[in-house]
Amino acid sequence: MNPGELNHYLEIKEYANSGTDDDGFPIKGWEHLTNVWASKQGLIGRAFYAAQAVQSENDVTFRIRYTETLESSIKAGMQVIDGTDTYYLKVNPVDKKGNRKELYLICNNVEPSTGGGDNAG
């Protein structure tokens, strides 16, 4: 992996309890998990055409360096912030080649359902 290609500094957030309100009910919201450097690419080839046929979401793929910690802690539904753009992970990180050198974060700009009411803040 060419480190010069990792030119996007991402913040990854998870949806979690961030305390309790005055009545003791949990308050859920987006909390910082980690920051990583990544390269960004849109969907290409067959994946692009398949995505366009099914939906008109803004799908992107981020490529990051592999670490076991990241592979086990980053999950589908988490928020990925790239500058002023916000994306959401569609699936858990993918190690396409299986060589533990890079992970692919497949994201789109449609917020997943977090369940329950709207206490996200």
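Is Glu102 buried or exposed, and what is its relative accessible area? I began my notes with this residue, in what is a predicted model, and found that Glu102 is buried, with a relative accessible area of 10%.

**Entry 1: overall layout**

I looked up the secondary structure next and found 2 helices and 6 strands, which follow one another from the N terminus in the order β-β-α-β-α-β-β-β. Of the 121 residues in the protein, 30% are buried. I also noted an accessible surface of about 7,500 Å², with 47% of that area belonging to carbon and sulfur atoms. Among contacts with a separation of 6 or more, 55% join residues that are 24 or more positions apart.

**Entry 2: the barrel**

I traced the strands around the sheet and recorded a closed barrel of 6 strands in the order β1-β2-β3-β6-β5-β4, with antiparallel pairing. On average, neighbouring strands of this sheet are turned by 45 degrees against each other, direction ignored.

I then went through the pairs one by one. β1 and β2 pair in the antiparallel sense over 11 bridges, and within this pair Leu10 has Val36 in β2 as its bridge partner. The two strands form a hairpin with 5 residues between them, and Gly24 in the turn has a positive phi of about 90 degrees.

β2 and β3 are also antiparallel, with 5 bridges, and here I found Lys40 standing opposite Phe62 in β3. Moving on around the barrel, β3 and β6 run antiparallel and are joined by 6 bridges, with Ile64 partnered by Leu103 in β6. β5 and β6 pair in the antiparallel sense over 2 bridges; for these I wrote down Leu89 with Cys107 and Tyr88 with Asn108.

**Entry 3: strand β6 and the core**

How many of the 7 residues of β6 are buried? I recorded 6 of the 7, so this strand is largely enclosed by the rest of the structure.

The largest nonpolar core has 17 residues, and those with the most contacts inside it are Phe62, Ile64, Ile74, Val80, Leu105 and Cys107. The elements giving two or more residues to this core are β1 (8-20), β2 (26-42), β3 (60-65), β5 (85-89) and β6 (102-108). As background for this entry, nonpolar side chains tend to be buried together in soluble globular proteins.

I followed Leu105 in particular and, leaving out residues up to four places away in sequence, I listed its contacts as Leu10, Ile12, Val60, Thr61, Phe62, Ile64, Ile74, Leu89 and Pro93.

**Entry 4: Gly42**

I checked Gly42, which lies in strand β2. Its relative accessibility is 35%, so Gly42 counts as partly exposed, given that the partly exposed class lies between 20% and 50%. Apart from neighbours within four places in sequence, Gly42 is in contact with Asp59 and Val60. From Gly42 to Phe62 I noted 8.7 Å, C-alpha to C-alpha, for two residues that are 20 apart in sequence.

**Entry 5: salt bridges**

The structure holds 5 salt bridges, and I looked at several of them in turn.

Asp59 and Lys90 meet through their side chains at 3.3 Å, N to O. Asp59 lies in the loop between α1 (45-54) and β3, and Lys90 in the loop between β5 and β6, so the pair ties together parts that are 31 residues apart in sequence. Asp59 counts as buried, at 9% relative accessibility, whereas Lys90 counts as partly exposed, at 35%.

Glu68 and Arg100 form a salt bridge at 3.2 Å, N to O. Because Glu68 lies in helix α2 (residues 68-73) and Arg100 in the loop between β5 and β6, this pair ties together parts that are 32 residues apart in sequence. Glu68 is exposed, with a relative accessible area of 54%.

Finally I came back to Glu102, whose side chain meets that of Arg63 in a salt bridge (3.1 Å, N to O). This pair links distant parts of the chain, with Arg63 in strand β3 and Glu102 in strand β6, 39 residues apart. Arg63 also counts as buried, at 11% relative accessibility. Through salt bridges that share partners, Glu5, Arg63 and Glu102 are joined into one network.

Methods
Residues are numbered from 1 along each chain as its sequence is written. This is a predicted model: local features need pLDDT of at least 70, side-chain atom pairs count only at pLDDT 80 or more; totals for chains, interfaces and linings use all residues. Side-chain values use heavy atoms; hydrogens and water are left out. A nonpolar core is a set of buried Ala, Val, Leu, Ile, Met, Phe, Trp, Tyr and Cys residues joined through side-chain atoms within 4.5 Å. Buried means under 20% relative accessible area, exposed over 50%, partly exposed in between (1.4 Å probe, protein chains only). Helices (H or I, at least four residues) and strands (E, at least two) are DSSP runs, numbered from the N terminus. Contact means heavy atoms within 4.5 Å. Two strands pair if DSSP finds at least two bridges between them. Accessible areas come from the Shrake-Rupley method with a 1.4 Å probe; for residues, only the protein chains shown count as cover. Axes are lines fitted to C-alpha atoms, for helices over the stretch in contact, and angles run from 0 to 180 degrees between N-to-C directions. A salt bridge is a side-chain nitrogen of Lys or Arg within 4 Å of a carboxyl oxygen of Asp or Glu.
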